[in-house]
Protein chains: 2
Amino acid sequence: MVKRTSFEHDPCPVARALDAFGDGWSLLIIREALLGVRRFSEFQARLGMAKNILASRLRALVEHGILEIVPASDGSAYHAYRLTPKGRGAFPILVALRQWSEEFDAHPDEIATVLVDRDGGRPVRKLELHAEDGRLLAPGDTTLQPRSVRKTKKTGARLSSH
Amino acid sequence: MVKRTSFEHDPCPVARALDAFGDGWSLLIIREALLGVRRFSEFQARLGMAKNILASRLRALVEHGILEIVPASDGSAYHAYRLTPKGRGAFPILVALRQWSEEFDAHPDEIATVLVDRDGGRPVRKLELHAEDGRLLAPGDTTLQPRSVRKTKKTGARLSSH
DNA sequence: CTCTCTAGTTGCATGATGAAACTAATTGCG
DNA sequence: CGCAATTAGTTTCATCATGCAACTAGAGAG
């Protein structure tokens, strides 16, 4: 096999997600779709990407159930690409990427936009990870456990140890 | 230019982040690093990737300031790759990817691990996005605003409209 | 009916990826 | 010490993906 390795049946959920949009363009297409873009030509114009690549990415995203093809809302005979719930579910991934850049980029002054609370216009907080009981968790407070094991005596590998 | 387009100077922070790990392997390397992996051979064995690709990814991650080369902790003459704070900051991205798979994957039974609260062993909650005043925000409650504009009368483009 | 726009496809050059073989320095071991 | 095995890569080569430009079929506009 010389093909780009597929993570479709990898046991790690991170790898499985990367199988859907682990390339440079898919998440940007989803970003535009979240902003309301639905037509081929508009994706192409806004992202400035080659049309053949766009066509193949759109096809892949439809196959993955992230986009769906619907008749154009303006009544024309053309169709449009609309996000499915699965596609809209990628929103936190985009926020996480955005916040990582905002925090660590070498030239944050080059970043053009801020994600704000629509009602009030103030920047949002950083994404938070909470325990079931509501405590705020840092990376080191979490552990990976085998799925089948429901409740054992904390034998998982520690994250970001040392 | 026929090279893979670089987003290094793109105004969108999502694109800038993808410039660092918008390929299939980088985030998996960071995942392993978060689990404590530091040596070339261990990355190679656990990820099962070609050694030349691993070498080039590690080089790129070091250049991006996500990993740093340090003397091996066991006193040997070899060196190790350690996450920088910038690299550890990618943790929420990995969590977002994981939770997206957990929620939308077609075969969730194939997912091997669960992210749990280390102290208690219960699965963590979903990542939450809050407004500055603490309100929980859904995707549609947010807007993108030009960075320079601090406080105007809500003219940003709505996210996930329609 | 013609002209333009939309949404692609096709062809070609080049870069990235993957498998396997090779190398050089470093350990481990008897 | 001497030699085999490990570690951390590099090199080579085949194949795949990406990018650009040119082309095309169908729809809409006038």
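**A walk along the A–B interface**

Start by selecting Pro146(A) and Thr113(B): these two are bridge partners, with Thr113(B) lying in strand 3 of chain B. Keep in mind as you look around that this model is predicted.

Now widen the selection to the two strands around that pair. Strand 4 of chain A, residues 142-146, runs antiparallel to strand 3 of chain B, and five bridges link them.

Next, show both chains in full and colour whatever touches the partner. You should find 94 residues of chain B in contact with 93 residues of chain A. Together the chains bury about 8,400 Å², and carbon and sulfur atoms supply 62% of that area. On the chain B side, pick out Trp100(B), Arg118(B) and Arg147(B): they lose the most area to chain A, together 9% of what that side buries.

Time for the charged pairs. Select Arg16(B) and Glu110(A), which form a salt bridge whose closest N and O atoms are 3.1 Å apart. Between chain B and chain A the count is 10 salt bridges. Polar contacts are there to browse too, with 41 residue pairs across the two chains, both residues at pLDDT 80 or more.

Which elements of chain B give two or more residues to the side that touches chain A? Select helices 1 (13-21), 2 (26-34), 5 (85-88) and 6 (91-104), then strands 3 (113-117), 4 (142-146) and 5 (157-158) of chain B. Pause on helix 6 of chain B, as this helix gives the most, with 12 residues.

For a last view, colour the chain B side that touches chain A by residue class: 44 residues are nonpolar, 21 polar and 29 charged.

Note on methods. Residues numbered from 1 in each chain as written. Chains lettered and ligands numbered in written order. Predicted model: local features only at pLDDT ≥ 70, side-chain atom pairs only at ≥ 80, totals over all residues. Heavy atoms only, no water. Contact = heavy atoms within 4.5 Å. Buried area = accessible area lost by both parts, 1.4 Å probe. Salt bridge = Lys/Arg side-chain N within 4 Å of Asp/Glu carboxyl O. Polar contact = N/O pair within 3.5 Å; in protein donor to acceptor, adjacent residues only side chain to side chain. Helix = DSSP H or I, 4+ residues; strand = E, 2+ residues; numbered from the N terminus. Nonpolar A, V, L, I, M, F, W, Y, C, P; charged D, E, K, R; others polar. Pairing = 2+ DSSP bridges.
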